[in-house]
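Please open the model in a viewer and keep the sequence panel visible. The tour below proceeds selection by selection.

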Amino acid sequence: MSCLWRLPLGHDWRQNLLQSPVKEVEDSITLRVLVLALVVVGIVATDIAAETGFSFWAVPLSIVGSIWSYYRRRDRNISVKFCIAIGMLVALGAFLGRLLGELNDTRLALAELLIQLQVLHCFDIPRRKDLGYSILIGLILLGVAATLSQTLAFAPLLLLFLAIALPTLVLDYRSRLGLEQVKIQNEKFKQGNSSVVLNWKFLIFNFLMIVGLGLAIFALLPRLPGYQLRMFPVSSPIEIKGDFTGRKIVNPGYVRRGDTQNQGNVSGGTGNSQAGKPGKLDNNFYYGFNSQMNQNLRGEMTPKVVMRVRSQALGFWRVLGFDRYTGKGWEISRNEQVKRIKRSPWSYQIFLDPPVSAAQTKEIVQTYTVVSDLPNLIPAMASPKEIYFPTPMLAVDAEDGLRSPVELSEGMTYTVISEVPYRDRTLLGKASTKYPPSIKNYYLQIPPEIAEKVRKRTEEILANYNQERVGKSNKSLDSTYEKVLYLAQYLKQNYTIPENPLELPYLDEKEDLVEAFLFKHKGGYPDHFSTVLTVMLRSIGIPARLVAGFAPGEFNPFTGMYVVRNTDAYAMTEVYFPKYGWFAFDPIPNHPLIPPSIEENQTFSTLQQFWDWVAGWLPSPVTGLLNNVFGAIFAWISKAFSWFLSLFFQGWLGVLTGLILATAIAFLSWLGWDRWREWRDRFALRKLPPMESLYQQMLQWTSQKGLGKHPAQTPLEYGKISYQHHATATAKVIDEICQAYVSWRYGGHAPNLQRLQQKWRQMKKTTKRLKLT
């Protein structure tokens with residue numbers, strides 16, 4: 001073995017082993033504490049965002065490891081490094097094993113691995129470079145937490161991380177400069193005391209500036225389509241117990257008495273599970289999420305958050321549809337006709353059969369996270385084509401509703417890809433009125449007792465509209481689409497919602513909801529409006545059905561998610577148009593007539609939503625004024641941009657004009673920017689302290705010579721390297737200014753400004769004279 005030491009490689013290895021293992025030991029306790037704080041904030045942020053228990057063991061172990069590493073920072077710690085290496089291999093093995101169960105979203109597994117590695121790393125951080133690795137890990141953990149976070153609970157941790165990171169970077173920079181102890185010259189301290197110099201005013205100013213700039217960039221950032229990698233968030237796999245037929249709907253708030261398996265099939269009030277019987281609404285669960293919808297219930301729900309949705313576009317989160325009107329509500333007549341679909345054991349992806357439509361469509365990705373227990377009905381935007389769901393199978397009913405084998409429990413996450421059709425009013429207005437038997441057999445049904453009465457009232461409303469428009473420029477209601485729009489708007493404007501939830505009396509045993517709404521009460525509850533519109537359309541031969549789901553909810557511009565509550569659930573009308581499929585209409589007062597859906601341009605929708613959120617806090621006059629001002633500005637910009645683009649479609653002359661105009665605009669923009677930057681630099685130099693001003697003047701001068709300072713270089717490094725690019729006399733002046741700046745900026749020493757400024761002026765004159773000669 002002794003011969004191995006004589007080999008060059010063995011000799012070098014032996015020398016490295018015997019010499020001092022740590023050349024750049026970091027002794028600053030303050031820097032170490034701040035770095036540890038960054039790591040702890042990153043771990044806690046990940047723990048809060050992912051709702052896991054990392055911090056229970058990771059934080060105390062990180063603290064213990066950092067303390068131990070500080071006291072052993074000058075030792076080789078070979079045995080500890082060996083144990084750390086084994087621990088990292090074990091962590092890697094556990095991570096690879098966990099990946100077998102994580103078929104899609106691996107962010108949480110990666111975060112757990114990173115935390116485990118950081119805890120092990122804390123036991124061996126002697127050098128400043130090792131502390132830099134810890135800073136980077138803390139930053140990565142914060143980024144992972146940002147992707148997992150769905151609430152504003154992450155925001156305070158983000159601000160705390162930034163507040164700690166600023167002084168940490170200052171101390172790290174000082175350490176790189178070799179300024180371990182600095183003498184402070186202050187009235188409160190005697191000269192010679194050593195401490196850390198931190199300009200708190202400067203740090204606070206930078207903190208506020210970074211936060212403000214970040215919010216501005218966030219609001220203005222274009223919202224481009226995401227989810228390009230097809231690795232969608234999904235919960236852990238859920239095993240199904242028993243045989244899943246897909247026929248039962250489980251709504252915990254409306255369970256038939258004596259049903260021990262919690263498999264209630266009909267909705268009713270508390271103690272009233274028979275459809276149409278009077279009863280009370282459940283406080284937590286929407287009554288319409290069931291195979292039967294009893295609209296003879298009274299009461300209201302207590303608001304609570306039920307899910308959070310991240311979607312590429314605003315939408316109505318559709319849950320299920322009803323085809324048969326019962327006189328006091330709705331039911332799914334073909335509840336037994338469901339189609340079960342299984343997924344591959346190696347993927348969460350389940351392919352669905354979206355309805356065929358001749359309309360232009362757009363792919364929209366949505367991710368749903370359940371916050372409070374929901375029925376086993378899966379909310380999704382219209383026309384879902386793929387779903388990433390944690391169960392091995394699900395079912396699709398005859399009304400295009402998705403059903404899960406289990407209830408949607410708190411914490412469940414799934415992703416839906418929908419092929420949402422655009423609503424083209426012109427095309428839908430020209431749609432045929434010849435409906436296939438599969439549509440006419442189910443979506444024109446109406447109780448014969450009220451059919452004639454409702455039909456006459458509906459035709460009377462449409463006839464009155466046509467008579468009012470005789471001789472005017474307005475077109476008559478000659479298309480199905482226009483008739484639906486007008487009837488929905490008519491219900492909004494001519495019927496009311498009672499202020500007291502219990503004000504409307506229960507329906508008698510032989511009383512019909514639509515008849516009572518139109519001719520007796522002149523109004524009803526929100527869902528009653530949709531029922532009435534659906535039945536009115538059926539009475540004049542337009543196929544329609546009732547659909548229930550959730551409104552988009554409240555958009556949180558900071559998390560980018562829609563917060564959906566149980567009180568956001570409601571029902572509206574879907575109308576069938578041959579070749580184009582089903583389109584929804586909302587007749588409920590104070591609701592948009594056309595429910596929220598995709599738009600042509602969603603690039604700056606985040607800015608619009610952010611402004612809507614801000615405008616909600618402002619007085620109405622201020623909001624109106626700002627809307628008019630910014631609306632005029634953006635309208636002018638849009639017109640100018642459209643006119644400029646139109647030049648390129650006007651032949652060669654137009655193209656040449658456009659190129660000349662673009663070149664002129666670019667040149668004037670560059671000239672204006674250059675002049676503004678020169679003025680800004682001069683203005684800024686006048687406000688700087690004399691030493692800072694001299695140092696910045698020197699950097700500007702060298703930059704103009706093409707030999708500027710690289711951002712990664714320290715002032716002292718730049719001063720030394722200047723001898724390679726400048727004359728010796730010039731380099732000496734640059735080096736002296738750099739050294740004086742470092743001593744003043746980080747050491748608190750007062751420089752001899754008069755001598756430095758005199759040398760600087762003399763050097764510039766000499767350089768200029770040599771250049772002229």
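The search for enclosed space finds 4 cavities of 30 Å³ or more. Here a cavity is a set of points, on a 1 Å grid over the protein atoms alone, where a 1.4 Å probe fits but cannot get out. Grid points are joined across faces, edges and corners, and a volume is the space filled by probe spheres set on the points. The model is a predicted one, in which local features need pLDDT of at least 70 and side-chain atom pairs count only at pLDDT 80 or more, while totals for chains, interfaces and linings use all residues. Residues are numbered from 1 along each chain as its sequence is written, and side-chain values use heavy atoms, with hydrogens and water left out.

**Stop 1: the second largest cavity**

Select Asn284, Phe285, Tyr286, Phe289, Val306, Leu374, Pro375, Phe550 and Asn566, which line the second largest cavity; lining residues have an atom within 4 Å of a point. The volume of this cavity is about 50 Å³. Its lining consists of 7 nonpolar residues, 2 polar ones and no charged ones. In this scheme Ala, Val, Leu, Ile, Met, Phe, Trp, Tyr, Cys and Pro are nonpolar, Asp, Glu, Lys and Arg are charged, and the others, Gly among them, are polar.

**Stop 2: strand S6**

Next select residues 305–311, strand S6, of whose 7 residues 5 are buried. Strands (E, at least two residues) and helices (H or I, at least four) are DSSP runs numbered from the N terminus; buried means under 20% relative accessible area, exposed over 50%, and partly exposed in between (1.4 Å probe, protein chains only). Two strands pair if DSSP finds at least two bridges between them.

Add strand S20 (residues 561–565), which is antiparallel to S6 and joined to it by 4 bridges. Then add strand S12 (residues 361–370), antiparallel to S6 over 5 bridges. Which residues stand opposite Met307 in S20 and S12? In S20 the bridge partner is Val564, and in S12 Met307 faces Val370.

**Stop 3: strand S21**

Move to residues 569–577, strand S21, where 9 of 9 residues are buried. Strand S18 (residues 544–550) pairs with S21 in the antiparallel sense through 7 bridges, and Ala544 has Val575 of S21 as its bridge partner. Strand S22 (residues 581–585) is also antiparallel to S21, with 5 bridges; here Thr573 is matched with Phe585. S21 and S22 form a hairpin with 3 residues between them, and Lys579 in the turn has a positive phi of about 80 degrees.

**Stop 4: two loop residues**

Select Asn296, in the loop between strand S4 (292–294) and strand S5 (297–298). Is Asn296 buried or exposed? Asn296 counts as buried because its relative accessibility is 0%. Its side chain reaches the backbone oxygen of Gly276 at 3.0 Å. Beyond its neighbours within four places in sequence, Asn296 has contacts (heavy atoms within 4.5 Å) with residues including Lys328, Tyr506 and Leu507.

Finally, select Gly708, in the loop between helix H19 (690–704) and helix H20 (715–721). Gly708 is partly exposed, with a relative accessible area of 38%. Leaving out neighbours within four places, Gly708 is in contact with Thr702, Ser703 and Tyr718. Its C-alpha atom is separated by 9.7 Å from that of Ser722, 14 residues apart along the chain.

Key
A polar contact is a pair of N or O atoms within 3.5 Å; within protein, one must be able to donate a hydrogen and the other to accept it, and residues adjacent in sequence count only if both atoms are side-chain atoms. On a 1 Å grid over the protein atoms alone, a cavity is a set of points where a 1.4 Å probe fits but cannot get out, and a pocket is an open set with protein on both sides within 12 Å along at least five of seven lines; lining residues have an atom within 4 Å of a point.
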